[in-house]
Amino acid sequence: MSLSGSCLCGAVSYNLAGEPLFVSQCFCRDCQKATGTGHTTIVGVEASNLEVKGSPRVFTNTGETGGRVHRHFCGECGSRLFTSGDLPGDVRMVQAGTLDDPGAVSPTNAIYLKDRIHWDAVASDIAHHDDIGPPPV
Ligand SMILES: [Zn+2]
Ligand SMILES: [Zn+2]
């Protein structure tokens with residue numbers, strides 16, 4: 001599988017090689033604040049399979065499990081692009097909405113449903129987890 005994507009203004013773009021490790025929907029409060037809506041949809045990929053063109057800015061905070069979370073975003077248009085952090089393995093989590101063909105991936109699980117907002121529905125045909133769930137990789 002080969003996927004490409006970019007921010008809204010195009011200043012930052014990327015290519016993905018290989019198969020996604022996981023595709024998840026995260027309903028945690030940090031994702032709600034960072035995206036401005038009910039949840040984010042992320043595509044987990046090996047860091048070596050993500051080729052970034054341009055220079056995203058990075059915002060770092062501490063996630064619920066205590067690890068650092070680095071959110072990479074376009075400094076021009078503000079689009080969230082991908083996340084890195086203190087994870088097992090060298091994984092990047094790409095924001096699925098920035099893909100040029102976002103329908104090319106399908107989420108298989110939803111995490112942090114304990115924080116889900118009542119107006120943000122979750123698909124019934126994917127795995128549901130109240131918190132982070134089992135390690136995705
Ligand atoms: Zn941009
Ligand atoms: Zn989250």
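These notes go through the sheet, the cores, the largest pocket and a few single residues of a predicted model.

1. **Sheet order.** Start with the sheet. It is open and built from 8 strands, in the order 6-7-8-9-4-3-10-11. The pairing is mixed. Strand 6 (57-62) and strand 11 (127-128) are the edge strands, and each pairs on one side only. As general background, strands of a sheet pair through backbone hydrogen bonds, either parallel or antiparallel.

2. **Strands 7, 8 and 9.** Follow strand 8 (80-85) next. Strand 7 and strand 8 pair in the antiparallel sense, over 5 bridges. Strand 8 and strand 9 also run antiparallel, joined by 2 bridges. F82 is a useful marker here. F82 in strand 8 is the bridge partner of H72. The bridge partner of F82 in strand 9 is V94.

3. **The 7-8 hairpin.** Between strand 7 and strand 8 the hairpin has 6 residues. Within this hairpin, G78 takes a positive phi near 85°.

4. **Cover on strand 8.** Is strand 8 mostly covered or mostly open? Strand 8 is mostly covered, with 5 of its 6 residues buried. Strand 8 also gives two or more residues to the largest nonpolar core, as do strand 2 (13-16) and strand 4.

5. **Main core.** The largest nonpolar core has 16 residues. L16, V43 and V94 have the most contacts inside it. V94 is thus named twice in these notes, since it is also the strand 9 bridge partner of F82. In general, nonpolar side chains tend to be buried together in soluble globular proteins.

6. **V43 and its surroundings.** Which residues does V43 touch, leaving out those up to four places away in sequence? The contacts are P20, F22, V23, R92, M93, V94, A96, L99 and V105. Among them, M93 is also one of the residues closest to the centre of the largest pocket.

7. **V105.** This residue sits in the loop between strand 9 and strand 10. V105 counts as buried because its relative accessible area is 11%, under the 20% cut-off. Beyond four places in sequence, V105 touches L3, V23, V43, A96 and L99. V105 and T41 are 64 residues apart in sequence, and their C-alpha atoms are 10.0 Å apart in space.

8. **Second core.** A second, separate core has 5 residues, including C26, C28, C31 and Y112.

9. **Y112.** Look at this residue with care. Y112 is found in the loop between strand 10 and strand 11. Y112 has a positive phi of about 55°, although it is not a glycine. Buried or exposed? With a relative accessible area of 8%, Y112 is buried. Y112 is also among the residues closest to the centre of the largest pocket.

10. **Largest pocket.** The largest pocket holds about 750 Å³ of space. Its lining has 37 residues, of which L87, M93, I111, Y112 and I132 are the closest to the pocket centre. By class, the lining has 17 nonpolar, 12 polar and 8 charged residues.

11. **Who builds the lining.** Each of these supplies at least two lining residues: strand 3 (22-26), helix 1 (29-35), strand 4 (40-46), strand 7 (68-73), strand 8 (80-85), strand 9 (91-95) and strand 10 (109-111). Which element gives the largest share of the lining? That is strand 8, with 4 residues.

12. **D90.** The loop between strand 8 and strand 9 holds D90. D90 is partly exposed, because its relative accessible area is 47%, between the 20% and 50% cut-offs. D90 is in contact with V45, E46 and A47, leaving aside neighbours within four places in sequence. D90 and A47 are 43 residues apart in sequence, yet 5.5 Å apart in space, C-alpha to C-alpha.

13. **H128.** Check this residue at the sheet edge. H128 is found in strand 11, which is an edge strand. H128 counts as partly exposed, at 41% relative accessibility. Residues up to four places away aside, H128 touches A110, L113, V122 and A123. H128 and A110 are 18 residues apart in sequence and 5.1 Å apart in space, C-alpha to C-alpha.

Terms used
Residues numbered from 1 in each chain as written. Chains lettered and ligands numbered in written order. Predicted model: local features only at pLDDT ≥ 70, side-chain atom pairs only at ≥ 80, totals over all residues. Heavy atoms only, no water. 1 Å grid on protein atoms, 1.4 Å probe; cavity = no way out; pocket = protein on both sides within 12 Å on 5 of 7 lines; lining within 4 Å. Points joined across faces, edges and corners; volume = space filled by probe spheres on them. Nonpolar A, V, L, I, M, F, W, Y, C, P; charged D, E, K, R; others polar. Buried < 20%, exposed > 50% of the residue type's maximum accessible area, 1.4 Å probe, protein only. Pairing = 2+ DSSP bridges. Core = buried A, V, L, I, M, F, W, Y, C linked by side-chain atoms within 4.5 Å. Contact = heavy atoms within 4.5 Å.
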